[in-house]
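Welcome! Please take a moment to look over the sequence and the 3D picture below before reading on.

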Amino acid sequence: MTDRKSARISSRKQPRQARSTELVSAILEAAVQVLAREGAQRFTTARVAEKAGVSVGSLYQYFPNKAAILFRLQSDEWRQTSTLLRDILGEREKPPLERLRALTLAFIRSECEEAAIRVALADAAPLYRDAPEAQEARAAAEDIMQRFMQEVLPDAPEPARRQAGDLITTTLSAVGKQFSEAPHEAVEIDAQANAMADMFCAWLQIQQHR
């Protein structure tokens, strides 16, 4: 059952020539525009092909169905999030809680900048959330956070560190999604992010002294 889901969301082939790469890029760019305008429920391969100016047959060379396109967009978003986590939390020359504050600010800003796409992808999640690729992406992000927690809470037992990391990532994701559903000025975004960072940092400082 899992293998079948994986096959349906996988790209048919990877572009190897410049022309093919440009075609895939055009399809994905069109997909973002269609998703933002139509939402996940009205997202179709025909609309994407029309927006990209290519035939549906050309699109199917790389993406077998709409789930494959949506999963590619979600995979790109996951990679961006993992890169954000790794780049910010991995800056060991900065104090850990300063890094956590920087991550919170960058994440909330990112959520607000791409709110329409993220909300639509969340609506489309049932199409691919149980696929092995999705589980691997989540595991990679969790691993980055857990390495950070080992640094912040070196004396805490592993279950406690895991709980702390899960609490922070879950809160970031849930609050970021809810907050970004309405438009906000930059000053409001920064205020929300800093308030969340204050909460995270205060809570971790309590955990450090237990």
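This report walks through the overall fold, the surface and charges, the cysteines, an aromatic pair and one serine.

## The overall fold

Keep in mind as you look that this is a predicted model. How many helices and strands does the protein have? The count is ten helices and zero strands. If you trace the chain along the sequence, you will read the pattern α-α-α-α-α-α-α-α-α-α.

To get a feeling for the dimensions, picture a box of roughly 60 × 40 × 30 Å, laid along the principal axes; the C-alpha atoms of the protein fill it. Now think about which parts of the chain meet. Among contacts with a separation of 6 or more, 69% join residues 24 or more positions apart.

## Inside, outside and charge

The protein has 210 residues, and 39% of them count as buried. On the outside, the accessible surface comes to about 11,700 Å². Carbon and sulfur atoms contribute 50% of that surface.

The protein carries 28 positive and 29 negative charges. If you take the mean position of each group, the two points are 7 Å apart.

## The cysteines

How many disulfides does the structure hold? There are zero, and the distances help to explain why. A disulfide needs two cysteine sulfur atoms within 2.5 Å. Starting from Cys112, the closest cysteine sulfur belongs to Cys201 and lies 19 Å away, so the two are too far apart for a bond. Starting from Cys201, the closest cysteine sulfur is that of Cys112, again at 19 Å and too far for a bond.

Is Cys201 buried or exposed? Its relative accessible area is 8%, and buried means under 20%, so Cys201 counts as buried.

## An aromatic pair

A search of the whole structure turns up one aromatic pair. The partners are Phe71 and Trp78, whose ring centres are 6.0 Å apart. Their planes meet at 75 degrees, so this pair is edge-to-face. Both Phe71 and Trp78 are buried.

## A closer look at Ser25

For a last stop, find Ser25 in helix α2, which covers residues 18-38. Ser25 has a relative accessibility of 41% and therefore counts as partly exposed; that label is for values between the 20% limit for buried and the 50% limit for exposed.

You can also look from Ser25 across to Ala52. These two residues are 27 residues apart along the chain, and their C-alpha atoms are separated by 9.4 Å.

Terms used: Residues numbered from 1 in each chain as written. Predicted model: local features only at pLDDT ≥ 70, side-chain atom pairs only at ≥ 80, totals over all residues. Heavy atoms only, no water. Buried < 20%, exposed > 50% of the residue type's maximum accessible area, 1.4 Å probe, protein only. Helix = DSSP H or I, 4+ residues; strand = E, 2+ residues; numbered from the N terminus. Contact = heavy atoms within 4.5 Å. Areas by Shrake-Rupley, 256 points an atom, 1.4 Å probe, with all protein chains shown as cover. Lys, Arg positive; Asp, Glu negative; His and termini not counted. Charge placed at Lys NZ, Arg CZ, Asp CG, Glu CD. Phe/Tyr/Trp six-rings, centres within 6.5 Å; stacked < 30°, edge-to-face > 60°.
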